[in-house]
Structures are given as C-alpha cells and as structure tokens.
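Reader: Could you walk me through a structure and tell me how its labels are earned? I like to see the value next to the cut-off.

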Amino acid sequence: MELRATRTEVARVELGRTDLISRARGGDGEAFRALTEPHRRELQVHCYRMLGSFQDAEDALQDTMISAWKGLAGFDGRASIRTWLYRIATNRCLDALRSASRRPAKQWDTPGFEPPEPTRLGEIVWLEPYPDNLLDGAISVPLGPEARYEQTESISLAFVTALQLLPARQLAVLILRDVLGFHADEVAEMLDTTVESVKSALKRARAGLRQRRTTDREPTPTADSSAEDAIVAKFVNAYASADIEALVALLTDDVFMSMPPLPLEYEGRNPVGQFLTHILGFDLVPTRANNQPAFGAYLPTPTGRRAIGLFVLTLAGTRISALTFFEDTVLPWFGLPRSLANR
C-alpha cells in the first residue's frame, strides 16, 4: 500500500514538473520561476565557490537564469532540471573565468598609517565574503554519493581561497564531483568532455588542493557552539579594549591575515600582532560570513561611528588561525550600515 502511494506521488510530481516545463516553454514566467527558484540559492553558492566573489557570483547566477529561460526549448528531460541548471551555471562561470576581468589589487590608501612589511603579496585579491543569511537552504541540499566534503567546510574562506588557485577546468570538476557529488558521467555531460578527462582533471585538482590546504590544525568548533562562543567573546573583549597581548595569545603560531583587495598578507603571531596594533579599539557588530564568526568594524568619530570593514575569523581548536579583513563596501550584504549613530 505504501509502495503504491509512493509511486502515485512520484507520478504526480513528474506530471506537475512536465506541466511547468510546457508552460514555461510557452513563455509563462511564473512557471519558469517555479521550476528554477528551488535551486536558486544553491546555484548562487556554486557560482561563489567557482569565482570566489559574491558580486561575480550574483552576475553569473543572473546569466544562468537568462540562459536557462532562453534555452528551455533545448531541455530534453534526460537530466533533472537541477542538473541542467548546474550545467549552465558551471559553463557561465567558466566563461567568466576565461574573460579574466577579475577585481584588481588595490593600493594602500590610509593616510597617517604605513603598514608593516608584509610576509608576502597575495594572489586572490578578488576574494569576497558570503553572508550566512543567504546560506539557508543552500548548503543543506542532498549531496550525491561522490561528495567528499561537508557542505559547511566547502563554503569556508580557506577552502574557497584554495579553489581559486586551481586551473578553471580542474576547479569545475572538483566542485561538481567532490563538493556536490555528481557522478563522473554527469560531469562529463555538463562539460562536454569524456569521463576519462573528468577523472584526470579530478586527480590533478585533488593533488593541487592538498598542496595548498593546511590539514594538521585542530578542528574548527561547531558553528554557534559554546566552544565557538568562548573564543569569539575573548576576541571581542581583547579587541575592544585594545589589549594586544590578550589578542595575540588567542592566535595560533602560524596565524594568517589577509585583506583583499589589498594584496598584503601577514603570517605568524608577531607580524599579525604588529599589524593589529594599529587597528585596535574599534566597535564590533557581530554577524556571520562563510559559516564563520564575523564582525562589522566601526571607527568612533565625533558625530557617530564610521564603518571601516568586516572581520571574518577562522578558528582552530581554541584559537584563531586566520583573520580576513574586507572593505566596508561589503557590509550592506550583511544588513550592516556604513555608519552608526552615537549610542
């Protein structure tokens, strides 16, 4: 009886999807939205992983939806609507990567403060944060059997940064296979290539990713756990009170700090602590980015508080292993203002 009911429900769903496709092909915008809207958030995250930029991901998502609307007549139904949309999105992202019109590096332009000599100059200056409030329903989707990464890990800044250093084709294959769990034959179909080429690209991508990722750190505390809350509270207290010793004590020995689109990068407690000395004492407003603790930072002024940027913390065990500081232009994505009135 239950089996019969299940088959009836599947048939009903399939009939409804067929009807939506037919109506959408006839120019019904509402039917098209009903087909594509359930996948919109996860597609945006997919584009973000591919491009490393929130703004570029939004552009790629819009291009994907336009291409899907125009190309619906060519949808043959062999794959699901979701798989078909991923094919379009992946290829739009590959087009964007080939165009090489990435955000350029920015020069230091803060008057009155000359930054310390950086440890090195970073390559991924186009990196942008992803607001957690847009992750609802986007990283909890069922994954295919080939997935190797937890969805929360695969949105972290460290993971997304490492992805950006892979060649475009390898990047696409690794995300589709190891993050989303599509089968090799599905990925080959999406990329108009062979299964052998997919397997070869995946092998090289995995090797490249291993070279660029730190795997011997303590595990990251669970989001919104008491362990995470304890580290965050210590950071806020030390930062707001300008207690550099307490702040440095929270950092791992190999702590890493970056500030895209500035190419300046600092590694190690002393270099990071030396830089932080100059930007302590600002007001912090909590938020979350990339499933990590984050803070809008505001500089007190005679008339209020002016935003200077967004801190995102990467945690390892009971310490902070990385700090990423983004420009204040990203704050509206998190519902944070560019200025605050005096309290």
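Author: Happy to; what follows takes the whole chain, then two residues, then a pocket. Please keep in mind that this is a predicted model.

Reader: Thanks! Why is the chain called as compact as a globular protein of that length?

Author: The chain has 11 helices and eight strands. Its radius of gyration is 22 Å, close to the 20 Å that the globule rule gives for 343 residues, so the chain is as compact as a globular protein of that length. Its C-alpha atoms fill a box of roughly 65 × 45 × 45 Å along the principal axes.

Reader: What share of the contacts in the chain joins residues at least 24 apart?

Author: Taking contacts between residues at least 6 apart in sequence, 67% join residues at least 24 apart. As for burial, 48% of the 343 residues count as buried.

Reader: Then let's try one residue. What makes Ala 89 count as buried?

Author: Buried means under 20% relative accessible area. Ala 89 has a relative accessible area of 0%, so Ala 89 is buried. Ala 89 sits in helix H4, residues 81-99. Leaving aside neighbours within four places in sequence, Ala 89 is in contact with Leu 43, His 46, Cys 47 and Thr 64.

Reader: And why is Arg 169 called partly exposed?

Author: The label partly exposed lies between the cut-offs of under 20% for buried and over 50% for exposed. Arg 169 has 36% relative accessibility, and therefore counts as partly exposed. Arg 169 belongs to helix H6, residues 168-179.

Reader: Which residues does Arg 169 touch, not counting those up to four places away in sequence?

Author: Arg 169 touches Leu 94, Leu 191, Asp 192 and Thr 193. Leu 94 is 75 residues from Arg 169 in sequence, with the two C-alpha atoms 7.6 Å apart in space.

Reader: Now the second largest pocket, please. How many residues line it, and which lie nearest its centre?

Author: The second largest pocket is lined by 23 residues, with Trp 108, Asp 109, Thr 110, Ile 308 and Phe 325 nearest its centre. Strand E6 (304-316) and strand E7 (319-326) are the elements that give two or more residues to this lining. The largest share, three residues, comes from E6. The volume of the second largest pocket is about 620 Å³.

Reader: How do the residues of that lining divide into nonpolar, polar and charged?

Author: The lining of the second largest pocket has 15 nonpolar, three polar and five charged residues.

Notes
Residues numbered from 1 in each chain as written. Predicted model: local features only at pLDDT ≥ 70, side-chain atom pairs only at ≥ 80, totals over all residues. Heavy atoms only, no water. 1 Å grid on protein atoms, 1.4 Å probe; cavity = no way out; pocket = protein on both sides within 12 Å on 5 of 7 lines; lining within 4 Å. Points joined across faces, edges and corners; volume = space filled by probe spheres on them. Helix = DSSP H or I, 4+ residues; strand = E, 2+ residues; numbered from the N terminus. Nonpolar A, V, L, I, M, F, W, Y, C, P; charged D, E, K, R; others polar. Rg over C-alpha atoms; globule rule 2.2 N^0.38 Å. Buried < 20%, exposed > 50% of the residue type's maximum accessible area, 1.4 Å probe, protein only. Contact = heavy atoms within 4.5 Å.
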